[in-house]
Amino acid sequence: MRNFRLWAAADLVSVGGTWMQVLGLNWLILSATGSAATMGIVVMLQSLPVLLLGSWGGALADRLPARPMLIAFQALRAVLALTLLLHGGVWMIYAVALASGVIGSFEGPVLGRFGSALVPKESLGSALALGSVLSSAGRIGGMALGGVLVGLTGPGVLFGINAASYLAVIAALALMRTGEMRALPVAAPSERGVVAGLRYVLAQPVVLIVLTLSFLLGALGRNYQVSMAAMVAGPLNGTSGSYGLLSTVFAIGAVLGGLLLAGSGRSTLRVLLATGFIISVLQFTSGLAPNVLGFAALILPIAAGAVIFDTVVATRIQLDTREDMRGRVLATLGLVSSLSGIVGAPLVGWLCDAAGPRETLLLAGAVTTVAALTGAVALARVKGLALPTFRRPVPQPA
């Protein structure tokens, strides 16, 4: 699968550059404003356009050829990364975040549908798990190198490297052999619109429950780019090096989670529910961490579980739905992810500022633990599974 190998290599480079920019941007904001809430606003601005435009992006993904659109999106993202070098202050950061969200609202569904065309249908689950591993490996390299460079050169160099990384994606797309790509089914003309896609998703109860869990655990359980920075700058008394260390540990955990899932091949609903429960309990515990090393020890399994959870969500969402609805189904998943960012990132940032990072992790961990248990009960009922009972045995007549 030459096309998939090209795509995987380009993705590794691009993800590394992206996470270098994320690290530099987060530290720049925190250093300039000292407010976790400001970081939350940036995440919200990136997510808001997806909420408003994502459904249209999914409909276009199911109609138009993906490769030309992806080349244009990568070029625009490179321009945005270079814009950050102008040092226009917080308002320029806000503008770049908003523009990035607009691109993402169309790019996300196109990426998902394009990736499905690169591998046989039966290999999709393994390809998604391998993609998670490569993305996490890129995150490790990006965070590790970024953690060193941000202290030596400042965040500007990180933005420039990220801009250059998009050239690798454009080159890979240009070199692909279109004849080797799998042709995905196309919906009938009467089923190609936004409303048809929404109607289809609403008729899938298991998908709706999975999306609800993804929203709750995403909003309160994995906004670690906000809470982790707040913990470092607050109760853990860390430095930029500490933040880089925790970011690297998080990335290592993500790689381990992806490898574990790819090795087991078990992208089932049981795995999803169990993982959601475990990472929620660990998040609650992370609020009690006494120092940076203790926090890092908990971040590792949390990151591994988060990758497993997100990959299983994406796998089930795609394998359990029609291929001719792929773009719109993925757009719905993107919409849910964006909504979790819009709601969760500012909320987590505000709680960190108002109540404290530790208290925020304790509260959010408790809420997501309850959500995971409730989701298990709901899925059991929809799937017709028997739930354990605790009734007192009825005495049998002698």
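Which residues does Q283 touch, not counting residues up to four places away in sequence? Hello everyone, let's start there. Q283 touches L220, G221, Y224, I302, L361, A364, G365 and T368. Before I go on, please keep in mind that this is a predicted model.

So, where does Q283 sit? Its place is in helix α11, residues 269-286. Is Q283 buried or exposed? With a relative accessible area of 3%, Q283 is buried.

One name on that list deserves a second look, and that is Y224. Leaving out residues up to four places away in sequence, Y224 has contacts with A229, F250, Q283, S286, F295, I299, I302 and L361. If you compare the two lists, you will find I302 and L361 among the contacts of Q283, and you will find I302 and L361 among those of Y224 as well.

Y224 also brings us to the nonpolar cores. The largest nonpolar core has 59 residues. Which residues have the most contacts inside it? They are W7, F114, Y224 and F295. As for where the core's residues come from, α1 supplies the largest share, with nine residues. There is also a second core, separate from that one, with 28 residues. Y200, I209, V312 and A314 are included in this second core.

Let me stay with I209 for a moment. I209 is found in helix α8, residues 205-221. Its relative accessibility is 15%, so I209 counts as buried. Setting aside residues up to four places away in sequence, I209 touches G375, A378, L379 and V382. Now look at A376: it is 167 residues from I209 along the chain, yet the C-alpha atoms of the two are separated by 9.3 Å.

On that stretch of the chain we also have V377, which lies in helix α14, residues 357-383. Is V377 buried, exposed or partly exposed? At 33% relative accessibility, the answer is partly exposed. If you would like a distance to check on your own screen, try V377 and E107: they are 270 residues apart in sequence, and 35 Å lie between their C-alpha atoms.

Next, the aromatic pairs. How many aromatic pairs does the structure hold? It holds two. In one of them, the ring centres of W7 and F114 are 5.4 Å apart and the planes make an angle of 70 degrees, so this pair is edge-to-face. The pair links distant parts of the chain, with W7 in helix α1 and F114 in helix α4 (residues 90-117), 107 residues apart. Both W7 and F114 are buried. And, as you heard a moment ago, W7 and F114 are among the residues with the most contacts inside the largest core.

W91 and Y94 also form an edge-to-face aromatic pair, at 5.5 Å centre to centre and with 90 degrees between the planes. Where do W91 and Y94 lie? Both are in helix α4, three residues apart, which is about one turn of the helix. The surroundings of the two partners are worth comparing. W91 has 71% relative accessibility, so it counts as exposed. Y94, in contrast, is buried, with a relative accessible area of 14%.

Let's go back to α1, because I would like to show you how it packs. Helix α1, residues 2-33, packs against helix α10, residues 240-264, at an angle of about 145 degrees, and the axes are 12 Å apart. The crossing of these two helices is right-handed. On the α1 side, the contact is made by L23, N26 and W27, and on the α10 side by S240, Y243, G244 and S247. What is the make-up of this contact? Three of its residues are nonpolar, four are polar and none is charged.

Another residue of α10 is L245. L245 counts as partly exposed, at 38% relative accessibility. From L245 to G197 is 48 residues along the chain, and their C-alpha atoms are separated by 42 Å.

My last stop is S165, in helix α6, residues 156-175. Which residues is S165 in contact with, leaving aside its neighbours within four places in sequence? The answer is V13, S14 and G17. S165 counts as buried, at 5% relative accessibility.

That's my tour, thank you for listening!

Notes
Residues are numbered from 1 along each chain as its sequence is written. This is a predicted model: local features need pLDDT of at least 70, side-chain atom pairs count only at pLDDT 80 or more; totals for chains, interfaces and linings use all residues. Side-chain values use heavy atoms; hydrogens and water are left out. Axes are lines fitted to C-alpha atoms, for helices over the stretch in contact, and angles run from 0 to 180 degrees between N-to-C directions. Helices (H or I, at least four residues) and strands (E, at least two) are DSSP runs, numbered from the N terminus. A crossing is left-handed if the near helix is turned anticlockwise from the far one by less than a right angle, and right-handed if clockwise. Contact means heavy atoms within 4.5 Å. Ala, Val, Leu, Ile, Met, Phe, Trp, Tyr, Cys and Pro count as nonpolar, Asp, Glu, Lys and Arg as charged, and the others, Gly among them, as polar. Rings of Phe, Tyr and Trp (its six-membered ring) pair if their centres lie within 6.5 Å; planes under 30 degrees apart count as stacked, over 60 as edge-to-face and the rest as tilted. Buried means under 20% relative accessible area, exposed over 50%, partly exposed in between (1.4 Å probe, protein chains only). A nonpolar core is a set of buried Ala, Val, Leu, Ile, Met, Phe, Trp, Tyr and Cys residues joined through side-chain atoms within 4.5 Å.
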